[in-house]
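Student: Please take a close look at a single part of this structure and then set that part in its surroundings. I would prefer one connected account to a list.

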2 protein chains.
Amino acid sequence: MPQGQPIAVPDDGLTTRQRRNRPVLAVHTGDGKGKSTAAFGLALRGWNQGWRIGVFQFVKSAKWRIGEQTVLERLGRLHEETGEGGPVEWHKMGSGWSWSRKQGEEGDHQTAAVEGWQEIKRRLAAATYDLLVLDEFTYPMTWGWVDVDDVVTTLGNRPGHQHVVITGRGADPRLVEAADLVTEMTKVKHPMDAGQKGQRGIEW
Amino acid sequence: MPQGQPIAVPDDGLTTRQRRNRPVLAVHTGDGKGKSTAAFGLALRGWNQGWRIGVFQFVKSAKWRIGEQTVLERLGRLHEETGEGGPVEWHKMGSGWSWSRKQGEEGDHQTAAVEGWQEIKRRLAAATYDLLVLDEFTYPMTWGWVDVDDVVTTLGNRPGHQHVVITGRGADPRLVEAADLVTEMTKVKHPMDAGQKGQRGIEW
């Protein structure tokens, strides 16, 4: 994990320190594993820096609970107890977002996705977090539920110093264009190809 | 994160449960970001399952300390204090492995890498961990310091139920062939291309 040297120094009037500390918009896309896992790994690092972490999972089922949620929420409580690291919030679309009065109705995913994005916009405007993970957020964009140009404009104008990581397959080219860091996870080989189902600890 | 269905059910005489619970050899390779981050994310999940986690970092400098190490070691102490999760060991080649009497000499990386692999072989034989992360372990193989066939044979014969994740660029085709799960992280875009250096919390 060597620290690479920049290929070119841009003529943007910023010092190296200013440039280094610019907030990052990262996108993890592709059909392979590790998109979300790597994003939650970044949340882990951020927690260690004392950052305020906000995770927003655009998943359908609220029953789906992954190990990372348990551990990151545990780290959030550790922050409250001892002051170590930073605070952690974990929100899932599932059967309605935690802040929503419609919680419990697992009906209209489109409405829930739109509502999630509206709330994220408010929190971006308020600079509520230092790192936001928008997990599987490419899908509502792909399905046309959330407008890609609105996402790109909103993120481009976000105030303060907020890092954002977006995960999911099929990231829109406009999002890729707007991002600072884009990684494509490609499946080379997966045990499901050999008839093996997902297993605890590896898949969730 | 839906649970996919297997494409084919193999004729290997195993029940679905047996097949599901087979230990996994995973490889994260490619030139993109997220190889190690996703591996440490798996360690996070494994900790949450109560697994014994062993991380072996084949990095040159022991000074290099990433946020994941701090947090996973903290989680290991939490396990000792409260019984939550599992125990965590984190070993770095750096200036000599922690178990080595040669610690402190940052001289011969080849000898250190070979010694690391020999110790990992002993621990695999003893089934010391439930999940081993061999971080940046492709490099000693690429450089001919550690024999790929030895690695493949040793991992193929590992006893018990030990998951192994190997990270690093340029994974040898024999390792890819032997692995159950291979993901290639491909760089689409990186801030260093635009003259931005790595930054705290994002890169380490």
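Tutor: In strand S4 of chain B, Leu131(B), Val133(B) and Asp135(B) point one way, whereas Leu132(B) and Leu134(B) point the other way, and all are buried. The model is a predicted one. In a regular strand the side chains alternate between the two faces of the sheet. Strand S4(B) spans residues 131–135 and is mostly covered, with 5 of its 5 residues buried.

The partners of the strand come next. Strands of a sheet pair through backbone hydrogen bonds, either parallel or antiparallel. S2(B) and S4(B) run parallel and are joined by 5 bridges; in this pairing Phe56(B) stands opposite Leu134(B). S4(B) is also joined to strand S5 of chain B, residues 163–167, by 4 bridges, and these two strands again run parallel. Here Leu131(B) stands opposite His163(B). Leu131(B) and Leu134(B), which face these partners, point opposite ways from S4(B).

Just before S4(B) in the chain, Ala127(B) lies in the loop between helix H4 (109–126) and S4 of chain B. Most residues other than glycine have a negative phi, and most peptide bonds are trans. Ala127(B), although not a glycine, has a positive phi of about 50°. With 13 other C-beta atoms within 10 Å, Ala127(B) is partly exposed. Ala127(A) lies in the loop between helix H4 (109–125) and strand S4 (131–135) of chain A. The phi of Ala127(A) is likewise positive, near 50°, and Ala127(A) is partly exposed, with 13 other C-beta atoms within 10 Å.

The wider sheet can now be described. S4(B) belongs to an open sheet of 12 strands with mixed pairing, in the order S3(A)-S2(A)-S4(A)-S5(A)-S1(A)-S6(A)-S6(B)-S1(B)-S5(B)-S4(B)-S2(B)-S3(B). The edge strands are S3 of chain A and S3 (88–92) of chain B, each of which pairs on one side only. From one strand to the next, the twist averages 15°. At the chain B edge, S2(B), residues 53–57, pairs with S3(B) in the parallel sense over 5 bridges, and Ile53(B) stands opposite Val88(B) in S3(B). A helix packs on the sheet in chain A: H3(A) touches S2 and S3 of chain A, and its direction makes about 145° with that of S3(A). In chain B, helix H3 (residues 67–82) packs on the sheet too, touching S2 and S3 of chain B, with its direction at about 145° to that of S3(B).

The helix in chain A shows how one side of such an element is covered. Gly67(A), Glu68(A), Val71(A), Leu72(A) and Leu75(A) are the buried residues of H3(A). They cover an arc of only 120° around the axis, which puts them on the same side of H3(A). An α-helix has 3.6 residues a turn, so residues three or four places apart point the same way. On the other side of H3(A), Arg77(A), Glu80(A) and Glu81(A) are exposed. The buried residues pack against helix H2 (35–48), strand S2 (53–57) and strand S3 (88–92) of chain A, together with helix H2 (35–48) of chain B. The length of H3(A) can be checked as well: at 1.5 Å a residue, its 16 residues should span 22 Å, and its end C-alpha atoms are 22 Å apart, which agrees. Just after H3(A), Gly83(A) takes a positive phi of about 80°.

One further position in chain B merits attention. Arg22(B) lies in the loop between helix H1 (16–20) and strand S1 (25–29) of chain B. It has 16 other C-beta atoms within 10 Å and is therefore partly exposed. Arg22(B) and Gly32(B) are 10 residues apart in sequence and 28 Å apart in space, C-alpha to C-alpha.

A word on confidence completes the account. The predictor gives the complex an ipTM of 0.76 and a pTM of 0.82. Chain A averages a pLDDT of 85, and 76% of its residues score at least 70. Within chain A, confidence is lowest in helix H1 (residues 16–20), at a mean of 59, and highest in helix H6 (residues 148–156), at 98. Where pLDDT is low, the predicted coordinates should not be read in detail.

Definitions and conventions:
Residues numbered from 1 in each chain as written. Chains lettered and ligands numbered in written order. Expected span 1.5 Å × (residues − 1). Buried ≥ 20, exposed ≤ 12 C-beta atoms within 10 Å, placed from the backbone. Arc of directions from axis to C-beta. Contact = placed C-beta atoms within 7 Å. Pairing = 2+ DSSP bridges. Axes fitted to C-alpha atoms, helices over the stretch in contact; angles between N-to-C directions. pLDDT = per-residue confidence, 0-100.
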